[in-house]
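Good morning, and thank you for joining this session. Please look at the structure on the screen while I go through its strands, its main pocket and a few individual residues.

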Amino acid sequence: MNLGFHVHWPPLVLALLLALLGFWLNQVTVQAPYIDDAGFAHEPDYIVENFNALAFSEAGKPLHRLKAKRMTHYMDDDTTVLEQPMFISLDPALPVEVTSLRAQISADGKQVYFLNQVHAVRGGQAEQKPATLDTEYLHVSPDERIMRSNQLVTLRQGTSVITANQLLIDDTRRLMTLSGGVKAVIEQSSHRP
């Protein structure tokens, strides 16, 4: 039995594809911004170019300096993100400089998390050569003088090289702990007792 009409499929398929494309574009372009529980969107509330801060002890003695190409602060979670940061310890007995591609500062300002291509240099003392540290993550607690990492670290001093999966350096107690797959090639001293 023929009812006298014929369905033309190509125009229907084209109309369906256009409707799906319109729906997809609407989903991609009209996304509501993330709003946290306090009602703030995760957008910067201020940005500082060529950031440079100096921390002092209670006695007014300079302790450390933190620089960055750009500092961005987010009000919703009170985080601060740094681009191309540099941390410099101003203690002449234990000079340390840490650089990376980016970093994040805790809300209380007491913790700095260096990320991506982290490079630290500790100046040599007396007859010691400078030491370097390379990793992808380094957590620095400047006031407590502690550095730690839970990712692969490579330490170098002269021709000596040590690698490990975890690191803890406590400058106050003059303690360095390496753990997890520790490997070392140590330079022999030319001095004999």
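Let me begin with a definition: two strands count as paired if DSSP finds at least two bridges between them. The model shown is a predicted one. With that in mind, consider strand E4, where Ile88 stands opposite Glu97 in strand E5. E4, residues 86-89, and E5, residues 96-99, pair in the antiparallel sense over three bridges. The two strands form a hairpin, with six residues between them.

E4 also pairs with strand E2, which covers residues 62-74. That pairing is antiparallel as well and runs over four bridges. Here Ile88 of E4 is the bridge partner of Arg65. Ile88 is thus a partner of Arg65 and also stands opposite Glu97.

Staying with E2, I turn to His64, which lies in that strand. Is His64 buried or exposed? His64 is buried, because its relative accessible area is 11%, and the cut-off for buried is under 20%. Leaving aside neighbours within four places in sequence, His64 is in contact with four residues that I would list by number from E4 onward: Phe87, Ile88, Ser89 and Leu90 are among its contacts. The contacts of His64 also include Ala53, Leu54 and Ala55, as well as Pro142 and Asp143.

Let me step back to the chain as a whole. Its secondary structure comes to one helix and 14 strands. Of the 193 residues, 26% count as buried. Among contacts between residues at least 6 apart in sequence, 33% join residues at least 24 apart.

Next, the largest pocket. How much space lies in it? The figure is about 570 Å³. The pocket is lined by 27 residues, and those nearest its centre are Arg122, Ala131, Gln157, Ile169 and Met176. By class, the lining has 14 nonpolar, seven polar and six charged residues. Which strands contribute at least two residues each to the lining? They are E7 (112-122), E8 (131-141), E10 (153-157), E11 (160-164), E12 (166-170) and E13 (175-179).

Strand E8 brings us to Thr135, which lies in it. Thr135 is buried, since its relative accessible area is 6%. Its side chain reaches the backbone oxygen of Leu152 at 2.8 Å. Neighbours within four places in sequence aside, Thr135 is in contact with Leu152 and also with Gln117, Val118, Ser149, Gln151 and Val153.

Gln117, one of those contacts of Thr135, deserves a comment of its own. Gln117 lies in strand E7, and its phi is near 50°, a positive value in a residue other than glycine. Gln117 counts as exposed because its relative accessibility is 53%, and the cut-off for exposed is over 50%.

A positive phi also appears at Asn50, where the angle is near 50° and the residue is again other than glycine. Asn50 is found in strand E1, residues 44-56. At 64% relative accessibility, Asn50 counts as exposed.

To close, I return to two residues. Thr135 is buried in this model, whereas Gln117, with which Thr135 is in contact, is exposed. Thank you for your attention.

Key
Residues are numbered from 1 along each chain as its sequence is written. This is a predicted model: local features need pLDDT of at least 70, side-chain atom pairs count only at pLDDT 80 or more; totals for chains, interfaces and linings use all residues. Side-chain values use heavy atoms; hydrogens and water are left out. On a 1 Å grid over the protein atoms alone, a cavity is a set of points where a 1.4 Å probe fits but cannot get out, and a pocket is an open set with protein on both sides within 12 Å along at least five of seven lines; lining residues have an atom within 4 Å of a point. Grid points are joined across faces, edges and corners, and a volume is the space filled by probe spheres set on the points. Ala, Val, Leu, Ile, Met, Phe, Trp, Tyr, Cys and Pro count as nonpolar, Asp, Glu, Lys and Arg as charged, and the others, Gly among them, as polar. Buried means under 20% relative accessible area, exposed over 50%, partly exposed in between (1.4 Å probe, protein chains only). A polar contact is a pair of N or O atoms within 3.5 Å; within protein, one must be able to donate a hydrogen and the other to accept it, and residues adjacent in sequence count only if both atoms are side-chain atoms. Contact means heavy atoms within 4.5 Å.
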